Amino acid sequence: MLKQRKSIVGLDIGSSCIKAVELTREKYDHVITGYAQIDVHHESSRQDAIAELMAAAKFRTKRVATAVSGKNVVFRFITMPEMNDDKLLQAVRLEAGKYIPFDVEDVELGAQRLEMDSDDLAIKEMKVLLVAAKRAVVQDHSRMLTELGLQPVSVGVDGFALGNAWELGDSINPGVQETGRTVALVDIGATKTSINILRDNISCFAREVPIGGQDLTNAIARRLGIDPSKAEDLKRDPGDDLGVMQEAIGQTLEDLGNEVNLSFDFFENQFDGEVQEVWLTGGTSLLPMLEESFEKIFEKRTKTWNPIEGLMVKADNVDVEALNQLSPQLAVAVGLAAAN
Ligand SMILES: Nc1ncnc2c1ncn2[C@@H]1O[C@H](COP(=O)(O)OP(=O)(O)OP(=O)(O)O)[C@@H](O)[C@H]1O
Ligand SMILES: [Mg+2]
């Protein structure tokens with residue numbers, strides 16, 4: 001029993017691909033003791049896909065940490081009088097109705113205090129990041145996992161999972177990251193892009209942009225007059241058609257880059273600090289030349305991030321080659337497991 005509780009599976013139920021990473025705490029280290037991922041082609045087959053994935057993965061534990069995302073989750077920045085964390089959630093609950101498009105009675109709320117330089121203000125205020133997720137969605141999600149014989153231990157959001165994965169990386173590779181930096185984590189999935197900006201390892205900003213790899217696939221399909229499944233194959237493995245593929249996705253990629261850049265502008269105006277580096281993850285970060293394209297738009301150092309760098313892997317139950325090749329796609333799953 002005690003042994004089992006040390007393991008947890010971060011289960012990232014993406015709209016196009018389900019990713020699961022099991023982390024086990026051994027002495028002072030986190031070790032990857034299991035990994036699996038599976039593409040999902042229709043929403044209706046999601047539950048079956050999770051069952052298939054869990055059966056194939058042979059994890060040690062049934063405990064899973066997952067996240068909800070998309071249109072059922074909203075992020076808002078609000079200003080509150082300064083107060084301690086105990087009072088914060090209660091106060092936010094009273095205020096939330098003004099800021100969110102859902103009935104407060106129907107949501108699960110989370111609140112994170114953001115650092116503030118308000119020493120010179122007579123009345124101290126603080127900025128708070130408010131996250132609201134529809135309760136019915138969170139409950140359905142947990143119910144689905146319970147029906148599969150799993151034990152959901154937490155339901156988070158993708159953006160904060162990215163932050164947790166970053167923090168884990170920092171703790172296992174101490175000294176590699178300079179302290180005090182402001183970094184943006186940008187996870188480009190199939191239908192959306194999650195952004196989390198960290199200052200000195202604390203989440204200061206989170207947002208989702210509803211553009212992702214599916215839009216790139218659709219752009220290829222439209223431009224070349226081919227069906228989406230062919231376009232998807234071409235996108236992932238363009239071979240000699242690399243130029244044709246890049247030309248077809250150019251505008252959509254630029255739209256996405258500009259939209260993400262607007263978030264950086266917002267952050268920089270609100271928080272009086274500059275995003276110094278951008279780290280890309282998500283399946284779409286496997287696209288060739290993405291770093292270069294985005295670096296031009298952001299005018300900041302932009303790199304693909306490997307969220308499992310420095311983590312030990314127990315190879316007997318893990319396809320290490322696939323794990324290493326696809327690791328940027330696993331940032332949310334790693335972060336979900338790391339947070340528990
Ligand atoms: N080698 C590759 N090159 C380019 N794109 C890829 C590659 N492999 C996967 N993708 C794209 O990555 C996307 C899937 O990434 P990911 O698993 O991060 O998304 P998701 O979590 O399912 O989606 P979302 O977060 O939007 O719900 C798909 O759009 C897929 O086409
Ligand atoms: Mg995703």
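These legends go with several close-up views of a predicted model.

**View 1. Three domains along one chain.** The domain assignment splits the chain into domain 1 (4-70 + 136-177 + 305-338), domain 2 (72-133) and domain 3 (208-302). Taken over C-alpha atoms, the centres of domain 1 and domain 2 sit 29 Å apart. Where these two touch, domain 1 puts in seven residues and domain 2 puts in six residues. On the domain 1 side, helix 3 (residues 135-147) gives the most, with three residues. Sorted by class, that side of domain 1 has five nonpolar and two polar residues, and no charged ones.

**View 2. The surroundings of ligand 1.** Here we zoom in on ligand 1, which has 21 residues around it. The closest are Gly-14, Ser-15, Gly-189, Gly-213 and Gly-283. What kinds of residues make up the shell around ligand 1? Four are nonpolar, 13 are polar and four are charged. Helix 5 and helix 6 (228-236) each chip in at least two residues of this shell. Ligand 1 lies between domain 1 and domain 3, because both of them give residues to its shell.

**View 3. Strands 1, 2 and 3 side by side.** Follow the chain through two hairpins in a row here: strand 1 with strand 2, then strand 2 with strand 3. Strand 1 (residues 7-13) and strand 2 run antiparallel and pair over seven bridges, with three residues between them in the hairpin. To spot one of these pairings, find Gly-10, whose bridge partner in strand 2 is Val-21. Strand 2 also pairs with strand 3 (residues 29-39), again in the antiparallel sense, over ten bridges. Glu-22 is a handy marker for this pairing, as its bridge partner in strand 3 is Gly-34. Two residues separate the strands in this second hairpin, and Lys-27 takes a positive phi near 50° there. Is strand 2 (residues 17-26) mostly covered or mostly open? Mostly covered: seven of its ten residues are buried.

**View 4. Inside the largest nonpolar core.** This core holds 80 residues. The members that touch the most others are Val-21, Ala-184, Val-186, Ala-333, Val-334, Leu-336 and Ala-337. Helix 7 (residues 242-271) gives the most to the core, with nine residues. Val-21 may ring a bell as the strand 2 partner of Gly-10. Gly-10 turns up again around Leu-336: setting aside neighbours within four places in sequence, Leu-336 is in contact with Gly-10, Leu-11, Asp-12, Ala-65, Thr-66, Ala-67, Gly-156 and Ala-161.

**View 5. Two loop residues with positive phi.** Most residues other than glycine have a negative phi. Asp-200 goes the other way, with phi near 50°. Look for Asp-200 in the loop between strand 10 (193-199) and strand 11 (202-209). Asp-200 counts as exposed because it has 11 C-beta neighbours inside 10 Å. Glu-299 also has a positive phi, of about 55°, and sits in the loop between helix 8 (290-298) and strand 13 (301-304). With 9 C-beta neighbours inside 10 Å, Glu-299 counts as exposed.

**View 6. Arg-222 on helix 5.** Arg-222 belongs to helix 5 (residues 213-224). Why does Arg-222 count as partly exposed? Because it has 13 C-beta neighbours inside 10 Å, and a residue needs 20 or more to be buried and 12 or fewer to be exposed. Ala-248 is 26 residues away from Arg-222 along the chain, yet their C-alpha atoms are separated by 8.5 Å.

Notes: Residues numbered from 1 in each chain as written. Chains lettered and ligands numbered in written order. Predicted model: local features only at pLDDT ≥ 70, side-chain atom pairs only at ≥ 80, totals over all residues. Helix = DSSP H or I, 4+ residues; strand = E, 2+ residues; numbered from the N terminus. Near = placed C-beta within 6 Å. Nonpolar A, V, L, I, M, F, W, Y, C, P; charged D, E, K, R; others polar. Domains from an automatic or database assignment. Core = buried A, V, L, I, M, F, W, Y, C linked by C-beta atoms within 7 Å. Pairing = 2+ DSSP bridges.
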